[in-house]
Structures are given as structure tokens and as C-alpha cells.
Amino acid sequence: MSTINLVYFSWVRERIGKGEETLELPADVVTVADLLAHLKTLGEQYEAALEHQNVIRAAINEEHVDHGELIAGAREIALFPPMTGG
């Protein structure tokens, strides 16, 4: 297991009900996609926030990454909805 600090933004934060948390992750959670799938198992609020996980954006250590990115060595992973311009 590894420990990771997660930070949530915008409606992801609102639906989960917290801005950040530190979690122990199982050994089989190795990519951002794995992390999103794992989080959805943690309760209804996570499931609601990540229902359409393909639109969720991620950043590892403040760098935007795709869902296939490995999370090993990450100090912080941020999850947020798509940015809108205007």
C-alpha cells in the first residue's frame, strides 16, 4: 500500500464533500484510471462525483496528466472537472 494526498476541486469537491484527504491505496492502484475506479468504491458521494470519470482531469504534483499516467512517487494528485473558458 502507498499513501497519497488527494486534492479535489470545483464540483468534484462539492460532491465528495471535502477538499482534500490522504488515503492508503492498494498495490493494484497504479494509474490515474485505477485511482478513479478505486475512489468510486469508497461510497455514494465518490461514485456521484466520478460517475463520468472520462471527463475528470488529473494533475500529479501540479502537472496535468492523462488517465494512463502512473501514480508511483506522486506526492499529490488533484482531481477536477474540465476547465471552461469565457
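This passage describes the nonpolar core and the surroundings of E21 in a predicted model.

The largest nonpolar core of the predicted model comprises 22 residues, among which L6, Y8, L39, I77 and L79 touch the most other members. At least two residues of this core are supplied by each of the strands β1 (2-8), β2 (20-25), β3 (57-60) and β5 (76-80), and likewise by each of the helices α1 (10-16), α2 (32-39) and α3 (44-49); the largest share, 4 residues, comes from α2. In soluble globular proteins, nonpolar side chains tend to be buried together. The surroundings of one of these core residues can be listed in detail: when neighbours within four places in sequence are left aside, I77 is in contact with I4, N5, L6 and V7, as well as with L35, A59, I60 and I71.

A charged residue, E21, is found in strand β2, and it counts as buried because its relative accessibility, 12%, falls under the 20% limit. With neighbours within four places in sequence again set aside, E21 is in contact with I4, N5, L6, Y8 and Y46. Of these residues, Y8 also takes part in a polar contact, in which its side chain and that of E21 are 2.5 Å apart.

The count of salt bridges in the model comes to 1. K18 forms a salt bridge with E21, with the closest N and O atoms 3.3 Å apart. The two partners differ in their exposure, since K18 counts as partly exposed at 32% relative accessibility, whereas E21, at 12%, counts as buried.

How values were computed:
Residues numbered from 1 in each chain as written. Predicted model: local features only at pLDDT ≥ 70, side-chain atom pairs only at ≥ 80, totals over all residues. Heavy atoms only, no water. Core = buried A, V, L, I, M, F, W, Y, C linked by side-chain atoms within 4.5 Å. Buried < 20%, exposed > 50% of the residue type's maximum accessible area, 1.4 Å probe, protein only. Contact = heavy atoms within 4.5 Å. Polar contact = N/O pair within 3.5 Å; in protein donor to acceptor, adjacent residues only side chain to side chain. Salt bridge = Lys/Arg side-chain N within 4 Å of Asp/Glu carboxyl O.
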